[in-house]
Amino acid sequence: MTTSYEERTGPVEKSPDGPAEGSAPESPSPGVKSSRSTAYLLTVGLSLALLAGCLLSAAIGAYNIPLGDVLSSVQHRIGLGGQALDRVGESVLWNVRLPRVALAVLVGASLGCAGALMQGVFGNPLAEPGVIGISAGAAVGAVASIALGLTFFGNWTITVFAFIAGLATVLLVYALSRSGGRTEVVTLILTGIAVNAFAGALIGLFIFFADNAQITQITFWQLGSLSQATWPKVLAVLPCALAGLLIAPFYSRKLDLLALGERPARHLGVDVERLRIVLVLVVALLTAAAVAVAGIISFVGLLVPHLLRMANGPGHRFLVPGSALGGALVLVAGDLAARTVAAPAELPLGVLTALFGSPFFFWLLRRTRRKQGGWA
């Protein structure tokens, strides 16, 4: 006696963004239309807020520049009229403020998008890029280059070593967690935890052998900051960030199918193992590039995707690009606050995001526990 597909595997749920592959097309339900409208409004709102944040960040600081003068200088530079500022104003705007704003946008978008991909791949809203050791690995590379006094690449030595070490760490984690041609999510997470602990020990060892000047530099890098932003650093992170941000949305549909479970996703044509490999590499590319130029900035990849998921549901068609916009907005606003809250001193950006992200993470744990009726 033969059985149907649904009797063998159970009913296939619909993807958050539409019907499952192979099913007859349906007219959008009111709930789907409402979700699309919310996604559209959120996209427009995040875009406008990001634009406003960038303009304010370019204008406000120790040397205030009127917002109208910022717009006039930008128009003048791109040949649309306007006029240049005085020599000091032009130097502050184009050599200090705008590189910093551009780097905040790229780093924030990379971390936010990487967080959304990690949560989709692991099927866990508490996942974030640091889980598989990318941030810790990049930190080992940076700390090693500082403590050992390496200068192979001049001013780029720390950035290059951090990027290479971050990518190497995630490849190591993936190789160690792979068995029989497959990679279990739990094994990947546990391997990442072990590698994070080992990386922490290596960082401690390098700090032990470093002198006072090197310890100061290591501490500053680990706290996370955009204070050393330059146009060359923006150009250095741009290819990696653009590559990751352009590739990620093409996997939104498969992430929605993976949310149904591995077995249904395989029946619907998703090569789960290949999907995980590709997306883990994309996450590694985005995170390693961000950490290499800005140091360790935590909680952006956790906080932003979860807030957007609460606002518009779990569909990755909006969640992935929306997290990039939200991450950029959070980091631009955070950097502006870091520069102005304790002026003339500057707060470390990584410390600021952790101060706001840690209470949110605690609230998220409590909320998840209440919804599930406990952890047992």
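Here are some friendly questions and answers about this predicted model.

Me: To get our bearings, how many helices and strands does the protein chain have?
Reply: Happy to start there. The chain has 376 residues, and 45% of them are buried. Its secondary structure comes to 15 helices and two strands.

Me: Among contacts between residues at least 6 apart in sequence, what share joins residues at least 24 apart?
Reply: Good one for a feel of the fold. Contact here means heavy atoms within 4.5 Å. Among the contacts in the protein chain that span at least 6 places, those joining residues at least 24 apart make up 75%.

Me: Which helix gives the most residues to the largest nonpolar core?
Reply: Let's look at the core itself. It has 74 residues, and those with the most contacts inside it include L103, V107, C113 and F122. The helix that gives the most to this core, with 14 residues, spans residues 87-122 and is α4.

Me: And how many residues are in the other core, the one with A138 and I203?
Reply: That core lies apart from the largest one. Besides A138 and I203, its members include A210 and A292. Its size is 16 residues.

Me: Leaving aside neighbours within four places in sequence, which residues does L103 contact?
Reply: L103 is a nice residue to zoom in on, as one of those with the most contacts inside the largest core. With the sequence neighbours within four places set aside, its partners are L226, A229, K233, V234, V237 and V293.

Me: Turning to the surface, is L48 buried or exposed?
Reply: L48 lies in helix α2, residues 30-59. Together with Y40, L41 and V44, L48 makes a nonpolar surface patch of about 440 Å². Exposed means over 50% relative accessible area. With a value of 54%, L48 is therefore exposed.

Me: Now the rings: is the F152 and F161 pair stacked or edge-to-face?
Reply: The structure holds three aromatic pairs. F152 and F161 have ring centres 6.3 Å apart, with 25° between the planes. Planes under 30 degrees apart count as stacked, so the F152 and F161 pair is stacked.

Me: Why is the pair of F208 and F209 put in its class?
Reply: Both F208 and F209 are exposed. Their ring centres lie 5.1 Å apart and their planes meet at 85°. Because planes over 60 degrees apart count that way, the pair is edge-to-face.

Me: Last one: how exposed is F161?
Reply: F161 belongs to a cluster with F152 and F153, linked by ring pairs. Its partner F152 is exposed, at 62% relative accessible area. F161 has 22% relative accessibility, so F161 counts as partly exposed.

Terms used: Residues are numbered from 1 along each chain as its sequence is written. This is a predicted model: local features need pLDDT of at least 70, side-chain atom pairs count only at pLDDT 80 or more; totals for chains, interfaces and linings use all residues. Side-chain values use heavy atoms; hydrogens and water are left out. Patches are made of residues with over 30% relative accessible area and no salt bridge: like charges are joined within 9 Å, nonpolar side chains (Val, Leu, Ile, Met, Phe, Trp, Tyr) within 5 Å. Accessible areas come from the Shrake-Rupley method with a 1.4 Å probe; for residues, only the protein chains shown count as cover. A salt bridge is a side-chain nitrogen of Lys or Arg within 4 Å of a carboxyl oxygen of Asp or Glu. Helices (H or I, at least four residues) and strands (E, at least two) are DSSP runs, numbered from the N terminus. Buried means under 20% relative accessible area, exposed over 50%, partly exposed in between (1.4 Å probe, protein chains only). A nonpolar core is a set of buried Ala, Val, Leu, Ile, Met, Phe, Trp, Tyr and Cys residues joined through side-chain atoms within 4.5 Å. Rings of Phe, Tyr and Trp (its six-membered ring) pair if their centres lie within 6.5 Å; planes under 30 degrees apart count as stacked, over 60 as edge-to-face and the rest as tilted.
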